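These are my notebook entries on a single protein chain. I record what I looked up, entry by entry.

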Amino acid sequence: MRVREGGRVATVAAILLLAAACARFADPAAAPQRAPGTPATPATPDAGKAALAEAAKSLAALMAAPGPVACSRTGDHWQAAAYDDAFRTRTASFSSATIQPHLTAAAAKVGGDEASVRSLCEDGVSPVSPDGRRVAVEVGLADSTDTHVGWLDLGTGEFTDLTAASNKKGYVSETFSDERPGFAADGSLWFLRDHQEYVSADPTGRLTPRELSLACFGRRGDDTYHHVVKSVAVLCPGTIHPSGRFAAAPRGVAQWLSTVQGFQLDLLAKKVDRYSDAPDFRPFAMQVAVRDDGEWRDCTPVTWIDVTDLLCAGGGNDFYTVAVDPALARGDLDHVQSTKVKVKAEIAPATETPIISVAVSRDRRSLIIAAGDDSSAKLYRADLATPAGPVEIGPVPAEVRENFALRTS
């Protein structure tokens, strides 16, 4: 570069200009000037942001998929794929390995060992926000049993640590341990704080304490995940009535001198602020047993098909529906009461073939069953509207065969 004479000031200025120009061209984000007529050189994409953008696109497609979604796990990573009704065409897919570098960075930011995101097919609140833009993250701290929660924004790659934002240091310090994060339908993130109370965070990070329903409240070891119904955390896995008023909670129902596997209709309205506030004796609920052709029949509730029909899993890998009057769910019971219902429709007969996973279709008209050994499992579809027995769809797709699970819409 030619430098005009003009004394020391001019020389220094020229050197500074030269250094700035060199630094500019050394910066990959700075686009060099292009002479007229010279073809443009394509910019090198940011691989990390491109991966995040693809992850957000894939997760949004999975959340909105009209057909079945299946998950699997290989090593430390889970995969999810959406299919057409015949399980022949894959319409969307995602692997948690895509965002692993960002999860590793989130763990490092907190000083933790590992950051994880639950599989899309696990019970409980969704690990993905409704718009597919954020994923719920839990981070285990190094040399501690405490955990932090927050979300990873797939648009920016930023991790928001909700636990750290709550912690206080100074003359009076306060720290929290949070776990089980997941998104409600309104986009708020819910989690369990200090093993005692549920808290939600709006998209700005503002926290709100939430109440816990006593419905399905059992031994603490059974309280694995939760759902959000309106503004209450509910422990029932998937048996909440469409009205949002009660749930069918599995339990043994005493009948004469024996006990049959049945369910009770727990009202969601009975609530506490914290686990420790739960009474020693829960409110009485109507207990329901199934009596079919003079014989008792086991029923583990799977899901409600509509406002009256409940899908049951029997004791022999069989599936059937029963009609339940919603009026049986009452809040005025002052002692144990039980009733009997009959089988309404046989959906799938008993079988010795192992059942790997089941799911109800989004339109609530069919039950998808994965049955068999892991290496040779097959998929079946049973019509819930006009039952006629399971019909084979085909083998479980090879790409999701390891630790296969179906997601119920």
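**Entry 1. Surface and overall make-up**

I looked up the accessible surface of the chain, which comes to about 21,700 Å². Carbon and sulfur atoms account for 52% of this surface. I note here that the model is a predicted one. The chain holds 409 residues, and 43% of them are buried. I counted its secondary structure next: there are four helices and 28 strands. I then turned to contacts between residues with a separation of 6 or more; 49% of these join residues 24 or more positions apart.

**Entry 2. The nonpolar cores**

Which residues of the largest nonpolar core touch the most other members? I found Leu62, Ile99, Leu120, Val135, Val137 and Leu154, in a core of 31 residues. Two or more residues of this core come from each of α2 (47-63), β1 (69-74), β2 (77-83), β3 (90-95), α3 (100-110) and β5 (134-141). The greatest contribution is that of α2, with six residues. Apart from this core I located another, which has 20 residues and includes Phe246, Val288, Leu310 and Leu328.

I also followed Leu120 on its own. Leaving out residues up to four places away in sequence, Leu120 touches Leu62, Met63, Cys71, Trp78, Ala80, Ser126, Pro127, Val128 and Arg407.

**Entry 3. The sheet from β4 to β7**

I traced an open sheet of four strands, with the order β4-β5-β6-β7 and antiparallel pairing. Its edge strands, β4 (112-116) and β7 (159-161), each pair on one side only. From one strand to the next, the twist averages 30°. Between β4 and β5 I found four bridges, and these two strands run antiparallel. Opposite Ala115 stands Val139 in β5. Helix α3 lies across β4, β5, β6 (147-153) and β7, and runs at about 140° to β4.

**Entry 4. Helix α4 and the hairpin of β8 and β9**

I looked up two residues of helix α4 (residues 162-166), beginning with Ala164. Is Ala164 buried, exposed or partly exposed? Its relative accessible area is 38%, so Ala164 is partly exposed; the class lies between the cut-offs of 20% and 50%. Ala164 and Val110 are 54 residues apart in sequence, while their C-alpha atoms are 8.0 Å apart in space.

Ser166 also lies in α4. Its relative accessibility is 13%, and therefore Ser166 counts as buried. Not counting neighbours within four places in sequence, Ser166 is in contact with Phe176, Arg193 and Leu207. With Arg193 there is a polar contact from side chain to side chain, at 3.2 Å.

Arg193 led me to strand β9, where Arg193 is the bridge partner of Asp178. Strands β8 (residues 178-183) and β9 (residues 189-193) pair in the antiparallel sense over four bridges. Why is β8 described as largely enclosed by the rest of the structure? Six of its six residues are buried, and so the description applies. The hairpin of β8 and β9 has five residues between the strands, and there Gly187 takes a positive phi near 90°.

**Entry 5. The sheet from β24 to β27**

I traced a further open sheet of four strands, in the order β24-β25-β26-β27, again with antiparallel pairing. At its edges are β24 (355-360) and β27 (391-395), each of which pairs on one side only. Direction ignored, neighbouring strands of this sheet are turned by 20° against each other on average. Strand β25 (residues 366-371) is joined to strand β26 (residues 378-383) by six bridges, and the two run antiparallel. Ile368 has Arg381 in β26 opposite.

**Entry 6. Positive phi outside glycine**

Where is Lys230 placed? I found Lys230 in the loop between β12 (227-229) and β13 (232-234). Its phi is near 60°, a positive value in a residue other than glycine. Lys230 has a relative accessible area of 74% and is therefore exposed.

Asn403 lies in the loop between β27 and β28 (405-407). The phi of Asn403 is near 55°, a positive value in a residue that is not glycine. At 55% relative accessibility, Asn403 counts as exposed, the cut-off being over 50%.

Technical notes. Residues are numbered from 1 along each chain as its sequence is written. This is a predicted model: local features need pLDDT of at least 70, side-chain atom pairs count only at pLDDT 80 or more; totals for chains, interfaces and linings use all residues. Side-chain values use heavy atoms; hydrogens and water are left out. A nonpolar core is a set of buried Ala, Val, Leu, Ile, Met, Phe, Trp, Tyr and Cys residues joined through side-chain atoms within 4.5 Å. Buried means under 20% relative accessible area, exposed over 50%, partly exposed in between (1.4 Å probe, protein chains only). Contact means heavy atoms within 4.5 Å. Two strands pair if DSSP finds at least two bridges between them. Axes are lines fitted to C-alpha atoms, for helices over the stretch in contact, and angles run from 0 to 180 degrees between N-to-C directions. Accessible areas come from the Shrake-Rupley method with a 1.4 Å probe; for residues, only the protein chains shown count as cover. A polar contact is a pair of N or O atoms within 3.5 Å; within protein, one must be able to donate a hydrogen and the other to accept it, and residues adjacent in sequence count only if both atoms are side-chain atoms.
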